[in-house]
Amino acid sequence: MIGLGLASLAQADAWTVGVLAMRGDAATARHWQPLADSLTQRVPGEQFRIQPLDLSQMREAVNQKTIQFVVTNPAQFVQLNSHYHLRWLASLRSAEGKTDAGNIIGSVILVNRESNLQDPQDLMSKTVGAIDPLAFGGYLTGYKALYDRGIRPGKDFRLRFTGFPGDALLYLLREKAIQAAIVPVCLLEQMDAEGLIDKTAFRPLIINPIASPCVTSTPLYPNWSFAALPEVNNALADKVARALLNNQQPPFLWGAPASTSDVESLLRAVNQHPEQRRL
């Protein structure tokens, strides 16, 4: 069972924050636990805990109301909000020069450094890895970058979706089990900093020359945000919002909720907006 029900949590004065586990359960719990600790400290009489979830688990948890708050990227918020009417409370702001993949969103399309692939057209008939068909930085933004260059992912080349954690894509690419990978921006730099890979063993197939602490193949999109489910009462939602906005300790720098307009435009461009999918 993903978590406790809303009623039992309310009685225990404990609240579950579902967090999209892009790098797996253990890494997500470790990274986001300070957020739960900060909320518990700053919202008197309440307790908060982190629940790592993948994309499908997040949808199920929101549907079953086994979580009360959500931390995820704006694309999944748009997808969830079309059914469940979540409330954005705050959005992450990127600390200057930091390579936190939870703070900027986009894709980088990577190949091995010694690969003979030099241009997106070279991907024809190759195998390209990605996280999930609905992953934003882990697929959709990269899909759009390739589509804009005349490449049709899934038709012009084979796709291999690995799910979470996203780290697996770089290991598969390193071992040449795939010829290219669409990965979230900053994952390469994070794994290098953690000693898990050597980032110089890879190179981007497409470079978007925009100001960013990490190499990117795509535009960057609004940061991850914190949302409340409709069942959370206004008093608690207000207290949580104030606690987030008043806590400016890295890596969790929060600001007013970010607009989802650019994200919705991209989802429509790749036929993944909830309105299109219903039609």
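Is Cys 186 buried or exposed? At 0% relative accessibility, Cys 186 counts as buried, where buried stands for under 20% relative accessible area, exposed for over 50% and partly exposed for what lies in between (1.4 Å probe, protein chains only).

1. On the basis of the note: this is a predicted model, in which local features need pLDDT of at least 70 and side-chain atom pairs count only at pLDDT 80 or more, while totals for chains, interfaces and linings use all residues. Residues are numbered from 1 along each chain as its sequence is written, and side-chain values use heavy atoms, with hydrogens and water left out.

2. On the disulfide: the structure holds one disulfide, a term used here for a pair of cysteine sulfur atoms within 2.5 Å. Cys 186 is joined by it to Cys 214, with an S to S distance of 2.0 Å. The torsion about the S-S bond of Cys 186 and Cys 214 is about 100°, so the disulfide is right-handed. The pair links distant parts of the chain, 28 residues apart, with Cys 186 in the loop between β8 (180–184) and α7 (187–193) and Cys 214 in the loop between β9 (202–204) and β10; helices (H or I, at least four residues) and strands (E, at least two) are DSSP runs, numbered from the N terminus. Cys 214 is buried as well, its relative accessible area being 5%.

3. On a buried salt bridge: the structure holds eight salt bridges, each being a side-chain nitrogen of Lys or Arg within 4 Å of a carboxyl oxygen of Asp or Glu. One of them pairs Asp 167 with Arg 23, whose closest N and O atoms are 2.8 Å apart. This pair links distant parts of the chain, since Asp 167 lies in helix α6 (residues 167–174) and Arg 23 in the loop between β1 (14–20) and α2 (25–42), 144 residues apart. Asp 167 is buried at 9% relative accessibility, and Arg 23 is buried at 15%.

4. On a partly exposed salt bridge: the side chains of Lys 65 and Glu 231 meet at 3.2 Å, N to O. Lys 65 lies in the loop between α3 (55–64) and β3 (69–72) and Glu 231 in the loop between β10 (225–228) and α8 (234–246), so the pair ties together parts that are 166 residues apart in sequence. Lys 65 counts as partly exposed at 37% relative accessibility, as does Glu 231 at 35%.

5. On a salt bridge within a helix: Glu 264 pairs with Arg 268, the closest N and O atoms being 3.8 Å apart. Both residues lie in helix α9 (residues 261–269), four residues apart, about one turn of the helix.
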